[in-house]
Amino acid sequence: MTTIGKDIKKAKALLEKGELVGIPTETVYGLAGNALDAAAVSKIFETKNRPSFDPLIVHTGSIEQISAYTTGIPEELEVLADAFWPGPLTLLLPKKSIVPDLVTSGLDQVAVRVPSHPLTRELLLSLDFPLAAPSANPFGYISPTCASHVVDQLEGKIDYVLDGGNCEVGLESTIVGVEEGQITIYRLGGIEVADIKKVVGNVLILPQSSSNPKSPGMLKSHYAPRIPFIVGDLEQLVPHYLEKNERFGVLSFTKTFEGVPAEHQRVLSAAGDFKEAAQQLFAAMRYLDKQDVSVILSGEMPERGLGKAVNDRLRRAAAR
């Protein structure tokens, strides 16, 4: 049985024994294990049913701790660390041999970040090792944004979930590195591209990959509900499915649609607030996935600000 609580000492004791714990971050809940213990890391892949070619992110409690696991932060990335850590930024850095190859899927770079959630930072600072912590859900499914989501998906597979409330950001971290001398975004996330550009200038955004990703979070198909998910123009899709007399769900940015039962609709932000929409995305997808519908229809957000990251998740949820 999986229990939920706020006992940092209990979470620490389990992690020190090589067990896995659900932890809150400002982005999504993570499935955490000792990043320096290959057996614990192996449990993460097994519990999530995650392919071993998809690397993990290593979490530390401070910027200073990162030097123990990487050969250093390049100057062009250090300015990003100074600007956004603690927070929803992950940097891809050259790894030291102390980090097991399983964590990086055999790559010579490790993805690291310093989360800002106070409960998890307290936990990290109390440990003698960093935590590998991908999202606490079965591989490919919708990421969890509260403790009960973790239990819904991993009941009985882990002993404990550290309850830090609802995630403030609700989208995974933005992953940044250097590719042939160019600052590169490997995954869009909780930090807007425009804010990164303000710090480092122009950036390259890499497309997703169907296999052998260069960093975590690059797989083309991901974040998907169990019910078929279609992204398109809701003004056309909704009338088409109403005419077919089919039971369907609707996920929209700001608008509700007549003729669709209220319980089959979720609006991300009636006020058109991009931050609120990002916070609500995964919970709304999860809600619709539990309804008695045969398909979920979704529109995209305007392609600016956090809308880019939200649209990225929507497209990958539809890529089956």
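Which residues does UniProt list for "domain: YrdC-like"? The unreviewed UniProt entry assigns this feature to residues 5-191. In the structure, which is a predicted model, the end C-alpha atoms of residues 5-191 lie 29 Å apart. Helix accounts for 27% of this span and strand for 21%.

The interior was examined next. In soluble globular proteins, nonpolar side chains tend to be buried together. The largest nonpolar core comprises 68 residues, and V176, L251 and L281 have the most contacts inside it. The element that gives the most to this core is helix α9 (residues 274-289), with 8 residues. At least three residues of the core are drawn from each of domain 1 (3-170) and domain 2 (229-318). Once neighbours within four places in sequence are left aside, the contacts of V176 include L77, L80, L89, T90, L91 and L92. V176 is also in contact with I183, T184, I185, Y186 and I196. A second core, separate from the largest one, contains 16 residues, among them L15, V21, L124 and L131.

Charged pairs were then considered. A search of the whole structure identifies 15 salt bridges. One of the pairs joins K95 to D101, with the closest N and O atoms 3.2 Å apart. K95 has a relative accessibility of 15% and therefore counts as buried, whereas D101 is partly exposed, with a relative accessible area of 48%. Because the limit for a buried residue is under 20% relative accessible area, K95 is placed in that class at 15%.

Two further pairs involve residues from K244 to R247 and D292. The side chains of K244 and E246 form a salt bridge with an N to O distance of 3.3 Å. K244 is partly exposed at 44% relative accessibility, and E246 is likewise classed as partly exposed, at 25%. R247 forms a salt bridge with D292, and the closest N and O atoms of this pair are 3.5 Å apart. D292 is located in the loop between α9 and β15 (295-298), and R247 in the loop between α8 (234-243) and β13 (248-252); the salt bridge therefore ties together parts that are 45 residues apart in sequence. D292 counts as exposed at 54% relative accessibility, while R247 counts as partly exposed at 46%. Helix α9, which precedes the loop holding D292, is also the element that gives the most to the largest nonpolar core.

Finally, a network of salt bridges links E172, D312, R313 and R316.

Note on methods:
Residues are numbered from 1 along each chain as its sequence is written. This is a predicted model: local features need pLDDT of at least 70, side-chain atom pairs count only at pLDDT 80 or more; totals for chains, interfaces and linings use all residues. Side-chain values use heavy atoms; hydrogens and water are left out. A nonpolar core is a set of buried Ala, Val, Leu, Ile, Met, Phe, Trp, Tyr and Cys residues joined through side-chain atoms within 4.5 Å. Buried means under 20% relative accessible area, exposed over 50%, partly exposed in between (1.4 Å probe, protein chains only). Helices (H or I, at least four residues) and strands (E, at least two) are DSSP runs, numbered from the N terminus. Domain bounds come from an automatic or database domain assignment. Contact means heavy atoms within 4.5 Å. UniProt positions are given in the numbering used here, feature names are shortened, and annotations may be inferred rather than shown by experiment. A salt bridge is a side-chain nitrogen of Lys or Arg within 4 Å of a carboxyl oxygen of Asp or Glu.
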